[in-house]
Amino acid sequence: MISKLSAEFIGTFWLVLGGCGSAVLAAAFPEVGIGLHGVSLAFGLTVVTGAYALGPISGGHFNPAVSLGLWTGGRFPTALLVPYIVAQVAGGIVGAGVLYLIASGNADFSLDGGFASNGYDMHSPGGYSMMAALVCEVVMTFMFLIVILGTTHKRAPTGFAGLAIGLGLTLIHLISIPVTNTSVNPARSTGPALIVGGWALAQLWMFWIAPLIGAALAGAAYRWLSGEKRALAPKSA
């Protein structure tokens, strides 16, 4: 149990540090900034590397919505659901804290840029409404879980799940960064929001509720599509 929870902590830490770090430190770096495309790829790469490194230990969820979706889909035991979510959120908070320590070492650093927090209305990168953000996060998380459940199915080609899941997350960011700065992961959203405070904390509810709804729907839908019966444990990514 401890090794599984530690792996989820480290994997979520890496996702927040790598993904949000690319947005905070590198997206707009003068002349060579990586922009939206680079940030999208960075989030995908954290999942690919984390899944192959830590997936054999814990399944490589790194996301409360993924754990819930796998549970709803019959792939994950009830007893591990809350402990996994706690470990993931803790990893996300520590990842954001380390990123803040690094970023604040620059004299020009300011939290006014949002610190990669997720938001809607005036805090949406593209000015999208709360309803647009809600729909986007539900649908993007739904499809993310469909990809995860499909690529980790017992009839799927073995050894490619981590790559497909990472590419799926990259695509999701390419679509939705302009809308919400892309969450699809409550742990990823919680760390930066705690540091920014104010509006980020006030809007954090969206980035818990919407991903969890999308994940739960996807788990139920895929379980129906595949005809799977509940398993005792998830298949590793």
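Which residues lie nearest the centre of the largest pocket, and how many residues line it? Keep in mind, as you work through the selections below, that this is a predicted model.

Begin by selecting Ala23, Val24, Leu25, Ala28 and Gly113, which lie nearest the centre of the largest pocket, and then extend the selection to the lining, which is made up of 30 residues. Helix 1 (2-26) and helix 2 (35-58) are the elements that give two or more residues to this lining. The pocket itself has a volume of about 730 Å³, and colouring its lining by class will show 19 nonpolar, 9 polar and 2 charged residues.

Stay with helix 1 and select Leu5, which is found in that helix. Leu5 counts as buried because its relative accessible area is 18%, and the cut-off for that label is under 20%. Now add Ser58 to the selection and draw a distance between the two C-alpha atoms: Leu5 and Ser58 are 53 residues apart along the chain, yet their C-alpha atoms are separated by 7.2 Å.

Next, turn to the surface and select Met130, Trp205, Ile209, Ile213 and Leu217, which form a nonpolar patch there and together have about 450 Å² of accessible area. Helix 9 (residues 206-226) gives the most to this patch, with 3 residues.

Finish on Ile213, a member of the patch whose place is in helix 9. Is Ile213 buried or partly exposed? Ile213 is partly exposed, because its relative accessible area is 38%, and that label covers values between the buried limit of 20% and the exposed limit of 50%.

Note on methods
Residues numbered from 1 in each chain as written. Predicted model: local features only at pLDDT ≥ 70, side-chain atom pairs only at ≥ 80, totals over all residues. Heavy atoms only, no water. 1 Å grid on protein atoms, 1.4 Å probe; cavity = no way out; pocket = protein on both sides within 12 Å on 5 of 7 lines; lining within 4 Å. Points joined across faces, edges and corners; volume = space filled by probe spheres on them. Helix = DSSP H or I, 4+ residues; strand = E, 2+ residues; numbered from the N terminus. Nonpolar A, V, L, I, M, F, W, Y, C, P; charged D, E, K, R; others polar. Patch = residues over 30% accessible without salt bridge, like charges linked within 9 Å, V, L, I, M, F, W, Y side chains within 5 Å. Areas by Shrake-Rupley, 256 points an atom, 1.4 Å probe, with all protein chains shown as cover. Salt bridge = Lys/Arg side-chain N within 4 Å of Asp/Glu carboxyl O. Buried < 20%, exposed > 50% of the residue type's maximum accessible area, 1.4 Å probe, protein only.
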